[in-house]
Amino acid sequence: MNRTPRPLRSFRLTVYSLSSVLLAPLLILAMMVVISVAIVLIIGIRTGLPLDPQASMGMANNMGSVLSIPGFLVALGAMTVNRQFATAMAFGSTRKSFWLGSSLGFLVISLVTGVGSVLLLWLEKATDHWFIGARAMDVFVLGSGDPWQTFLTITATSLCSLFLGAGFGTLFRAWGPRAVIVASVSLGVVLCGGLALTVWQWEAWGPALMRLGAWLVTIATTVLGLVAAAGSFIAVRRSTV
């Protein structure tokens, strides 16, 4: 008799392939670093290398670190619930256990990605920005070289992406493609509305947001991830095999 707790069975399904599930986000981040270095090498043909400090600091606005991995992780979250839900149910899992196990898998994936981002940051700083003044991880959006903020921002971004994917995936399974379209459009409207409201009330909210600085990204992705997690939990309870 299999005495493994049900959530752990779903967790094993989520991280079934270490190479594709755990390493892929790190490889994407590493490729982002390579592309950033390649861009600087091309720029250096005219300006010379390494870049002067002012030009190097200009790369501190590089947002590739938080824009490169969400696409893969959203797709992974969606595939997790669509490909593994029926299997988990067939092996005796409950809907709650499946969600808990998948969430544990998402947390492990996000933590590994966060740790990998800190290692890349340390390597970047140890090599004086890849020897040529290229910045990919030592950037404003990750706290300008703060390892804790880098870890928390990448981890929160990863969790948010995975839960968004899982949310859309469970909506598709529970209510079909129309629900996914409605949810996507609704999310877009809410985000655009929030942005418009912020711009409209900038004098009231702007100073507080500016004081948050790069932490704003971490906070926003954490809140969005929590909303997506709650939505995926509700939807998975209604899903059919």
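**Why the labels apply**

Reader: Why is A88 called buried?

Author: A88 has 3% relative accessibility. Buried means under 20%. So A88 counts as buried. The model is a predicted one, by the way.

Reader: Where in the chain does A88 sit?

Author: A88 lies in helix α6, residues 70–90. The C-alpha atoms of A88 and A196 are separated by 42 Å. Along the chain, A88 and A196 are 108 residues apart.

Reader: What is the overall make-up, in helices and strands?

Author: Twelve helices and zero strands. The C-alpha atoms fill a box of roughly 65 × 45 × 25 Å along the principal axes. Buried residues make up 44% of the 241 residues in the protein chain.

Reader: How much surface does the protein chain expose, and what share comes from carbon and sulfur atoms?

Author: About 12,900 Å² is exposed, and carbon and sulfur atoms supply 73% of it.

Reader: What makes S65 count as buried?

Author: Its relative accessibility is 0%. The cut-off is under 20%, so S65 passes. S65 is found in helix α5, residues 64–67.

Reader: Which residues touch S65, leaving aside neighbours within four places in sequence?

Author: Among them are L29, M32, A136, M137 and I154. Each of these has heavy atoms within 4.5 Å of S65.

Reader: How do you know that contacts join residues far along the sequence?

Author: Take contacts between residues at least 6 apart in sequence. Of these, 79% join residues at least 24 apart.

Reader: Why is D138 with R135 called a salt bridge?

Author: The closest N and O atoms of D138 and R135 are 3.0 Å apart. The limit is 4 Å, so the pair qualifies as a salt bridge. A search of the whole structure finds one salt bridge.

Reader: Are D138 and R135 buried or exposed?

Author: D138 has 8% relative accessibility, and counts as buried. R135 has a relative accessible area of 11%, and is buried. Both values fall under the 20% cut-off.

Reader: How many charged side chains are there, and how far apart are the centres of the two sets?

Author: There are 15 positive and 6 negative side chains, with centres 32 Å apart.

Reader: How many aromatic pairs does the structure hold?

Author: Four. One of them joins W99 and F233.

Reader: What makes W99 and F233 edge-to-face?

Author: Their centres are 5.0 Å apart, and their planes meet at 70°. Rings pair within 6.5 Å, and planes over 60 degrees apart count as edge-to-face. So the W99 and F233 pair is edge-to-face. W99 lies in helix α7 (residues 95–126) and F233 in helix α12 (residues 215–238), so the pair ties together parts that are 134 residues apart in sequence.

Reader: Why is F233 called partly exposed?

Author: F233 has a relative accessible area of 27%. Buried needs under 20% and exposed needs over 50%. F233 falls in between, so it is partly exposed.

Reader: Why are W148 and F151 called edge-to-face?

Author: The ring centres of W148 and F151 lie 6.4 Å apart, within the 6.5 Å limit. Their planes are at 85°, over 60, so the pair is edge-to-face. W148 and F151 both lie in helix α9 (residues 147–175), three residues apart, about one turn of the helix.

Reader: Are W148 and F151 buried or exposed?

Author: W148 has 64% relative accessibility, over 50%, so W148 counts as exposed. F151 has 18%, under 20%, so F151 counts as buried.

Reader: Which residues form the aromatic cluster?

Author: W99, F106, F163 and F233 form one cluster.

Terms used. Residues are numbered from 1 along each chain as its sequence is written. This is a predicted model: local features need pLDDT of at least 70, side-chain atom pairs count only at pLDDT 80 or more; totals for chains, interfaces and linings use all residues. Side-chain values use heavy atoms; hydrogens and water are left out. Helices (H or I, at least four residues) and strands (E, at least two) are DSSP runs, numbered from the N terminus. Buried means under 20% relative accessible area, exposed over 50%, partly exposed in between (1.4 Å probe, protein chains only). Accessible areas come from the Shrake-Rupley method with a 1.4 Å probe; for residues, only the protein chains shown count as cover. Lys and Arg count as positive and Asp and Glu as negative; His and the chain ends are not counted. The place of a charge is taken as NZ of Lys, CZ of Arg, CG of Asp or CD of Glu. A salt bridge is a side-chain nitrogen of Lys or Arg within 4 Å of a carboxyl oxygen of Asp or Glu. Rings of Phe, Tyr and Trp (its six-membered ring) pair if their centres lie within 6.5 Å; planes under 30 degrees apart count as stacked, over 60 as edge-to-face and the rest as tilted.
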